[in-house]
Amino acid sequence: MSNIVIVFDFDKTIIDCDSDNWLIDELGFTDLFNQLLPTMPWNSLMDRMMMELHSNGITIQEIESALHRIPIHPRIIPAIKSAHALGCDLRIVSDANKFFIETIVKHLGIRECFTEINTNPGYVNQQGRLTILPYHDFNKASHGCPLCPPNMCKGLIVDRIQDTIGEVDNKRFIYLGDGAGDYCPSLRFSERDFVMPRKNFPVWDLICKDPSLVKAEINGWCDGQELEQVLMNLINKIMIEENAKLISSDCKLQTLSTPVFETLPKALSVRP
């Protein structure tokens, strides 16, 4: 396995739309959604909408079927599979929910490519209705980040990933995202890392206001084809750099080891 960790947002990054909006529109509940939107946080609204779907007889199978129809650029799956085949550690950090993401990535045949999926909990309860909960329970305590929505700070999730694997294994990170929620984690990376904001999307606009605040190298992309090209180029760049370091390290060891034997006293180096 390589020392590269790739963290993907999900909506409008892996898939080419917002999974919440897609499902609501596909099942014909857009008007109710828009009516309720000003009254509660997005995460709470999605749980309420799942209750409304259940009350109107929409089954879990119908929800899954709608999610299976979700649009995705044809180059995204090859990009993910290629990165996985090269030994990269792929993870998802998303403000969608676990049920939606698991349903979609399993249908696309890429679930095994991801080490973990960090997102809002989503599960089918005993009554057969989908329940969606916040990643951070903001009813108990605030996560304290002014940049992020109350239910999820992606920056804190990235901190946890970095603390767990980053420094110990000398990992290098590539972060991909599109939304305003991807700005906070983009600020958490070092000069050794890379961020890939989607061009002309909220995270791109936020970064462009003051790019100097982002320490990592910034590499934009506009669609799935460019995402694949940029991502593969960065993986290749990192691998070349790391291999060069290994070769340089080996050369230094060999250079250091040679004089040790050459400078031994003759009495010690020649058998009597």
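**Exercise 1. The surroundings of Asn 219**

Task: Determine which residues Asn 219 touches, leaving aside those up to four places away in sequence, and describe where Asn 219 is found.

Solution. Beyond the residues up to four places away in sequence, Asn 219 touches Phe 194, Val 195, Met 196, Pro 197, Val 230 and Leu 234. The model examined here and in the following exercises is a predicted one. The next step is to place the residue: Asn 219 belongs to the loop that runs between strand 8 (217–218) and helix 10 (224–262). Its relative accessible area is 18%, and because buried means under 20%, Asn 219 is classed as buried. Finally, the side chain of Asn 219 is in polar contact with the side chain of Glu 217, at 3.3 Å.

**Exercise 2. The cysteines**

Task: State how many disulfides the structure holds, and classify Cys 17 and Cys 222 by accessibility.

Solution. A disulfide is a covalent bond that joins the sulfur atoms of two cysteines. The structure holds zero disulfides. For the classification, Cys 17 has a relative accessibility of 12% and therefore counts as buried. Cys 222, at 38%, counts as partly exposed.

**Exercise 3. Aromatic pairs**

Task: Give the number of aromatic pairs, and work out the geometry of the pair Phe 8 and Phe 114 and of the pair Phe 33 and Trp 42.

Solution. A pair of aromatic rings is described by the distance between the centres and the angle between the planes. The count comes to four aromatic pairs. In the pair of Phe 8 and Phe 114, the ring centres are 6.1 Å apart and the planes stand at 85°, so the arrangement is edge-to-face. This pair connects distant parts of the chain: Phe 8 is in strand 1 (residues 4–8) and Phe 114 is in strand 3 (residues 114–120), 106 residues apart. Phe 8 and Phe 114 are both buried.

For Phe 33 and Trp 42, the centres lie 5.2 Å apart with the planes at 75°; this pair is therefore also edge-to-face. Phe 33 has 3% relative accessibility and so counts as buried, whereas Trp 42, with 32%, counts as partly exposed. In addition, Phe 173, Tyr 175 and Phe 189 form one aromatic cluster.

**Exercise 4. Cavities and a lining residue**

Task: Establish how many cavities of 30 Å³ or more are present, which residues line the largest cavity, and what is noteworthy about the phi of Lys 12.

Solution. Rolling a probe the size of a water molecule over the atoms shows where empty space is left. The count of cavities of 30 Å³ or more comes to four. The largest cavity has a volume of about 50 Å³. Its lining consists of Lys 12, Thr 13, Ile 14, Ile 15, Asp 16, His 73, Ile 76, Arg 198, Trp 221, Asp 223 and Gly 224.

Lys 12, one of these lining residues, has a positive phi of about 60° although it is not a glycine. Lys 12 lies in the loop between strand 1 and helix 1 (19–26). With a relative accessibility of 31%, Lys 12 counts as partly exposed.

**Exercise 5. Asn 200**

Task: Describe the phi of Asn 200, and decide whether Asn 200 is buried or exposed.

Solution. Asn 200 is not a glycine, yet its phi is positive, at about 65°. The residue is found in the loop between strand 7 (194–197) and helix 9 (202–209). The relative accessible area of Asn 200 is 65%, and because exposed means over 50%, Asn 200 is exposed.

Methods
Residues are numbered from 1 along each chain as its sequence is written. This is a predicted model: local features need pLDDT of at least 70, side-chain atom pairs count only at pLDDT 80 or more; totals for chains, interfaces and linings use all residues. Side-chain values use heavy atoms; hydrogens and water are left out. Helices (H or I, at least four residues) and strands (E, at least two) are DSSP runs, numbered from the N terminus. Buried means under 20% relative accessible area, exposed over 50%, partly exposed in between (1.4 Å probe, protein chains only). A polar contact is a pair of N or O atoms within 3.5 Å; within protein, one must be able to donate a hydrogen and the other to accept it, and residues adjacent in sequence count only if both atoms are side-chain atoms. Contact means heavy atoms within 4.5 Å. A disulfide is a pair of cysteine sulfur atoms within 2.5 Å. Rings of Phe, Tyr and Trp (its six-membered ring) pair if their centres lie within 6.5 Å; planes under 30 degrees apart count as stacked, over 60 as edge-to-face and the rest as tilted. On a 1 Å grid over the protein atoms alone, a cavity is a set of points where a 1.4 Å probe fits but cannot get out, and a pocket is an open set with protein on both sides within 12 Å along at least five of seven lines; lining residues have an atom within 4 Å of a point. Grid points are joined across faces, edges and corners, and a volume is the space filled by probe spheres set on the points.
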